[in-house]
Amino acid sequence: MPDEWRLIELEIHSASENMALDEACLDEIASGNSPPTIRFYRWKPSAVSIGYFQSIESEVNLDECAKNGIDVVRRQTGGGAVFHDYENEITYSIIAPEKMFPKGITESYREICGFIVSGLEILGLHAEFKPINDVLVNGKKVSGNAQTRRKGVLLQHGTILYGLDLDRMFSVLRVGSEKISDKAIQSVRDRVTSIRDECNSSYGECLSAIESSFIEGKTHYFSPWTSAELLRAKELAEKKYSAREWNYLR
Amino acid sequence: MATGEFSLKAKNGKLVRVKAVIGRTVESVQITGDFFLHPEESIIAIESALSGQPLNETESFFEEKVSSVLSDSNAILHGISAHDIALALKGAIANAR
């Protein structure tokens, strides 16, 4: 498979479908059946995703999620819990053979997060990569990212905050005492921002800027999922990412 | 049996939390947090390597156990270190009630 990229334009899926599509795509790339892929998506209903190593009950207010119809899913990547607010977020995944990226983990985060930095700069924002896995605008976090490497394939997905509804976010995420102590020094509002807080760009303008920076300099084409990916994703969504056994793993 | 728990934050802000069931030895260990480990499934081997170990072992001993698994599994911890896991385990043992 040549290093020609497939771009899957903005889609809307449930939490289990989104995580299943990432894994199905990774598997098909590993088998040599699918090309390196960049995808953009939203979560409907809004959802919380937790990192592979996190305890669902420690991180998520499950009652509040159930009451508000918010999905909860465990990712195959590490990192922290994320509230994927349908109205306020752009999510991406980039999935390709490991050899297409720097071997070092920090260097590969730097390269991929660099696409986000460039996209935000198109919008006139001053952005920077902050190791391990964040992108900041004017010193505040606007994007969190998580990576895994399996079967010779690198998958990185991440969220870019278009808007910020902190009340809603903290009604579904449990904030541990360790982080509360941080907040005593500097409030969350002082540490997190969104594109809408920083400029007047519309959702569509943001998406367009981020998309264009991801594909900059890459030979690419627009194409949907293959039927093999869709079949595998359906199975994974039902049997893995909707299953208590997976989501309550820790 | 008693259980103990201890959380610590690494210098870069990543959190590791160890829960341990304590009897005559470290009976079982669960490691959670927002760190990264490739491949992710190696966490099971790390937890197994720490289980069954004497309670009065040093941080260095536990760190060595974690490092051995990382080396044997060709695994990479990112965001926290083997030392952080060892420290959290010592804290969990000390907190066991």
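This passage describes the interface between chains A and B of a predicted model, followed by one pocket and one cavity.

We can start with the contact between the chains. The size of an interface is often expressed as the accessible area lost when the parts come together. Here, the area buried between chain B and chain A comes to about 2000 Å², and carbon and sulfur atoms account for 53% of that area. Three residues stand out on the chain B side: F36(B), E40(B) and H78(B) together supply 29% of the area that chain B buries against chain A, more than any other three residues. In terms of residues, the contact draws 27 from chain A and 23 from chain B.

Polar interactions also appear across this interface. Between chain B and chain A there are 8 residue pairs in polar contact, with both residues at pLDDT 80 or more. The side of chain B that touches chain A is drawn from several elements, with at least two residues supplied by each of strand 1 (2-9), strand 2 (15-22), strand 3 (26-33), strand 4 (36-38), helix 1 (42-50) and strand 5 (76-78) of chain B. Strand 3 of chain B gives the largest share, with 4 residues. By residue class, this side of chain B holds 8 nonpolar, 8 polar and 7 charged residues.

Charged pairs deserve a closer look. The count of salt bridges between chain B and chain A is 3. One of them joins E41(B) to R150(A), and the closest N and O atoms of this pair lie 2.9 Å apart.

Attention now turns to the open and enclosed spaces. The second largest pocket contains about 330 Å³ of space. Its lining comprises 16 residues, and both chains are represented among those nearest its centre, namely E98(A) and R149(A) from chain A and H38(B), N74(B) and I76(B) from chain B. The lining of the second largest pocket divides into 7 charged, 5 nonpolar and 4 polar residues.

As for enclosed space, the count is 1 cavity of 30 Å³ or more. The largest cavity holds about 40 Å³ of space. Its lining is made up of F83(A), D85(A), N88(A), E89(A), L161(A), G163(A), D165(A) and M169(A). Sorted by class, the lining of the largest cavity has 3 nonpolar, 2 polar and 3 charged residues.

Technical notes: Residues are numbered from 1 along each chain as its sequence is written. Chains are lettered from A and ligands numbered from 1 in the order in which they are written. This is a predicted model: local features need pLDDT of at least 70, side-chain atom pairs count only at pLDDT 80 or more; totals for chains, interfaces and linings use all residues. Side-chain values use heavy atoms; hydrogens and water are left out. Contact means heavy atoms within 4.5 Å. Buried area is the accessible area (1.4 Å probe) that two parts lose on being put together, summed over both. A salt bridge is a side-chain nitrogen of Lys or Arg within 4 Å of a carboxyl oxygen of Asp or Glu. A polar contact is a pair of N or O atoms within 3.5 Å; within protein, one must be able to donate a hydrogen and the other to accept it, and residues adjacent in sequence count only if both atoms are side-chain atoms. Ala, Val, Leu, Ile, Met, Phe, Trp, Tyr, Cys and Pro count as nonpolar, Asp, Glu, Lys and Arg as charged, and the others, Gly among them, as polar. On a 1 Å grid over the protein atoms alone, a cavity is a set of points where a 1.4 Å probe fits but cannot get out, and a pocket is an open set with protein on both sides within 12 Å along at least five of seven lines; lining residues have an atom within 4 Å of a point. Grid points are joined across faces, edges and corners, and a volume is the space filled by probe spheres set on the points.
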